[in-house]
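Student: Got a minute to walk through this one with me? I'd like to get a feel for how it packs.
Tutor: Sure, pull it up and we'll go piece by piece.

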Amino acid sequence: MGSKVAMLELGLSDIISNTIALGASRFVDLFSGSGSVARWVAENHAIPVDSVDSQLYAKALSAAIIERSEEANVNILMDWISSSRNLHDRRRKGLTTLSDVALDSTAVYRQRSEAEQIELSGFIARDYGGHYFSLDQALALDCLMENLPETGPERSVALASVIEAASMCAASPGHTAQPFQPTGNLIKHIDSAWRRDPFSFASRQAISLASRFSLASGGNAFQRDALIFAKNNISERSVVFCDPPYSDVQYSRFYHVLEGIARGGWSDVHGAGRAPIGSVRFSSTFSSRKMSTDAFTEMFSNLAQNSATVILTFPNQECSNGQSAESLSNIASQWFEVTSTPVDVTHSSLGSPVVSAGNRMPRKTVEESVMVFSPLV
């Protein structure tokens, strides 16, 4: 997994800007993820932006900016934070907090036990308390969700702020496939994460997001399958940005906590990861070694039929879904003229051991290509 924020700083922003300047009518981020590219385009170019992702949390993150063309009301957002804090203060009375105990494995398991028994708790405390979050943090996140502004742009900003705060507070290794378990050196990482204040993170995010908005009206965030959207929803002269899956592991596995928060909870969660059963999580054909070639072929064909210009980022090496920048360039060349620019970026290893100078590292440097597919005349 690699955030596109770094690539925007390393030249992707220039490539996008130059492509839009050729006369684009719309910009589409077809695998939006955290929405960093869709948000950047919306804030820097007077062009409607659509973001598309199979997961609801990704839609929420993008919608907080691209669906607004004016600032959100900070006073409403601060009232939301304040009322949520007050509710949290009432509900936490009598509970064990980190200030009361030295965190060890016994204290962690006590938190889990209390989370299962506490009354007036929401789904975050019930499903994730004592796992990804301390019980106190989980209650705070539940209060923030319960008190979301009912309507208007402030609601979308508030929801995105809760998702961001949850991501920043989670006691997990950069994703939420599984939380840290209370063993060995991991206790200190749990302790560090559990001492973060969700209200402070949500407040900072809300203030930041409120002042950011799209320079053009008409932007939309969609929870949609990329193949279906590419076939039915691309207008002519669109610039379509694609940052598709690289791994044969389904990405929904790594974001099920954030997705659960965006959905208002799962019907049930299981195991050490506190995840829903696999059948209710989205599976992408782009991640399948057997199906990815057909999926990319179909997508490129549909985009070409709509005269879209495509900007695609992908590692140069062969990835576990069977694709590389070269293989995708070869597929696309049936319909597009392809130009390519290499960029070094840092990716998460998705929990796999990356060895450098004898040390296990959670991240690794990968050379990607930023490819521009221009329709053949």
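**Helix α12 and its surroundings**

Tutor: Let's start with helix α12, residues 256–263: seven of its eight residues are buried, so the helix is largely enclosed by the rest of the structure. Keep in mind that this is a predicted model.

Student: Which residues of α12 are buried?
Tutor: They are H256, V257, L258, E259, G260, I261 and A262.

Student: And what do those buried residues pack against?
Tutor: Two of the partners are α3 and α8. The others are α6 (123–128), α7 (135–146) and the strand β3 (220–223).

Student: What happens just after α12?
Tutor: G264 sits there, with a positive phi of about 85°.

Student: OK, back to α3 and α8. At what angle do they cross?
Tutor: Roughly 125°, with the axes of α3 (residues 56–66) and α8 (residues 152–169) coming within 8 Å. Angles between 115 and 145 degrees count as oblique, so α3 and α8 are oblique to each other.

Student: Is that crossing left-handed or right-handed?
Tutor: The crossing of α3 and α8 is left-handed.

Student: Which residues meet there?
Tutor: From α3 you have Y57, A60, L61, A63 and A64. On the α8 side, they meet S156, V157, L159, A160, I163 and E164. By class, this contact has nine nonpolar residues, one polar and one charged.

Student: Switching topic: which residues in the largest nonpolar core touch the most other members?
Tutor: L30, W80, F133, M299 and F300, out of 83 residues in that core. The helix α8 comes up again here, as its nine residues are the largest share of this core.

Student: What is L30 in contact with, ignoring its neighbours within four places in sequence?
Tutor: V52, A226, F229, A230, V240, F241, C242 and M299. So M299 turns up twice, as a contact of L30 and in that list of core residues touching the most other members.

Student: How many residues are in the second, separate core?
Tutor: That one has 23, including I16, I47, V239 and I311.

Student: What about T19, buried or exposed?
Tutor: T19 is found in helix α1, residues 5–20. Its relative accessibility is 8%, under the 20% cut-off, so T19 counts as buried.

Student: What does T19 touch, leaving out residues up to four places away?
Tutor: V239, T309 and I311. Two of those, V239 and I311, are also in the second core.

Student: And how far is T19 from V310?
Tutor: They are 291 residues apart in sequence, but 9.2 Å apart in space, C-alpha to C-alpha.

Methods:
Residues are numbered from 1 along each chain as its sequence is written. This is a predicted model: local features need pLDDT of at least 70, side-chain atom pairs count only at pLDDT 80 or more; totals for chains, interfaces and linings use all residues. Side-chain values use heavy atoms; hydrogens and water are left out. Axes are lines fitted to C-alpha atoms, for helices over the stretch in contact, and angles run from 0 to 180 degrees between N-to-C directions. Helices (H or I, at least four residues) and strands (E, at least two) are DSSP runs, numbered from the N terminus. Angles under 35 degrees count as roughly parallel, over 145 as roughly antiparallel, 65 to 115 as roughly perpendicular and the rest as oblique. A crossing is left-handed if the near helix is turned anticlockwise from the far one by less than a right angle, and right-handed if clockwise. Contact means heavy atoms within 4.5 Å. Ala, Val, Leu, Ile, Met, Phe, Trp, Tyr, Cys and Pro count as nonpolar, Asp, Glu, Lys and Arg as charged, and the others, Gly among them, as polar. A nonpolar core is a set of buried Ala, Val, Leu, Ile, Met, Phe, Trp, Tyr and Cys residues joined through side-chain atoms within 4.5 Å. Buried means under 20% relative accessible area, exposed over 50%, partly exposed in between (1.4 Å probe, protein chains only).
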